[in-house]
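Here is a short briefing on one protein chain. Look through the sequence and the model before reading the points.

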Amino acid sequence: MGEKYYWVLGFCCGFIAVVIVTLIIANIKRKKNTYTEYDERQVLARGKAYKSAFFVLIGYIVACALVNVLEINWAELSVQMFIGLFLSTAVFVGISIFNDAYFTSNKGRKSLLGVLAFIAGAEYLGIAFGKKTFVTNGIANLDIIPIIVMIWAISIFVMVVIKTIIDKKAVEE
C-alpha cells in the first residue's frame, strides 16, 4: 500500500475517533443534563462567526480557483483544501472567542489552552522527527499538513491569550 493510502487511512481513523469521542461526550452530557445554555447575544455572535467563516472559505476557494486557472501550481489540491478548512475554522473560532460566543469564563478558555498547546507540541515533534520533504517539484505536498495544523493551533492559542488579557484589563478598570 502506498504512503498516500496510509495517510488517508490515518486521517479517516482520526476523524472517526473524534466523532466517537464527541458522541460519547454528548451522550454523557445528555444523561447528566449538563448542556451549556447560551444567551441570545452568544447565539447571534455564533451566527456571525459561521457567516464570516463561510465567506472566508468561499473567498479562499475562489482565490485558489483563479490561481489554478492562471496555472500557478503552489500546492496539491488536498493541501489547498486543508488550508481552506483550517483558515475558515480559525476565523470561526477567533470570532467566537472575541465575542464570547462559547467561552464566557476565563476557566473555559484556559482549559482550551492546554489542548491547543498539546496539539501544537505534538505537531512540532512530528515535524522535528519526521524527516519529511514538504515541497516536491515546487509544490507543497501532504507532508506540510502538520505545519498547517501547528500554525492553526498556535493562532487560536494566541487569540485565547489575547482575549484573556483583554478581559483581565476590563475587570481591573
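Read from start to end of the sequence, the chain runs α-α-α-α-β-β-α. That pattern is made of five helices and two strands. The model is a predicted one.

**Overall dimensions and surface**

- The C-alpha trace spans about 55 × 35 × 30 Å along its principal axes.
- The chain has 173 residues, and 26% of them are buried.
- About 11,900 Å² of the chain is exposed, and 71% of this area comes from carbon and sulfur atoms.
- Counting contacts between residues at least 6 apart in sequence, 75% join residues at least 24 apart.
- There are 17 positive and 12 negative side chains in the chain. The centres of these two sets are 7 Å apart.

**Two helices and the residues after them**

- Helix H1 covers residues 3-32, which is 30 residues. At 1.5 Å a residue H1 should span 44 Å, and its end C-alpha atoms lie 43 Å apart, so the two values agree.
- Asn 33, just after H1, has a positive phi of about 55°.
- Helix H3 covers residues 77-98, which is 22 residues. The span expected for H3 at 1.5 Å a residue is 32 Å, and its end C-alpha atoms are 32 Å apart, so here too expectation and model agree.
- Asp 100, just after H3, also has a positive phi, of about 50°.

**The largest nonpolar core**

- In soluble globular proteins, nonpolar side chains tend to be buried together.
- The largest nonpolar core in this chain holds 27 residues. Val 79, Ile 156 and Val 160 are the members that touch the most others.
- Helices H2 (40-69), H3, H4 (106-130) and H5 (145-172) each provide at least two residues of this core.
- Which helix gives the most to this core? The answer is H5, which contributes nine residues.

**Gln 80, a residue of helix H3**

- Gln 80 is located in helix H3.
- Is Gln 80 buried or exposed? Its relative accessibility is 13%. Buried means under 20%, so Gln 80 counts as buried.
- Beyond its neighbours within four places in sequence, Gln 80 is in contact with Tyr 60, Cys 64, Trp 74 and Ala 75.
- Of these contacts, Tyr 60 and Cys 64 fall within the range of helix H2, residues 40-69.

How values were computed: Residues numbered from 1 in each chain as written. Predicted model: local features only at pLDDT ≥ 70, side-chain atom pairs only at ≥ 80, totals over all residues. Heavy atoms only, no water. Helix = DSSP H or I, 4+ residues; strand = E, 2+ residues; numbered from the N terminus. Buried < 20%, exposed > 50% of the residue type's maximum accessible area, 1.4 Å probe, protein only. Contact = heavy atoms within 4.5 Å. Areas by Shrake-Rupley, 256 points an atom, 1.4 Å probe, with all protein chains shown as cover. Lys, Arg positive; Asp, Glu negative; His and termini not counted. Charge placed at Lys NZ, Arg CZ, Asp CG, Glu CD. Expected span 1.5 Å × (residues − 1). Core = buried A, V, L, I, M, F, W, Y, C linked by side-chain atoms within 4.5 Å.
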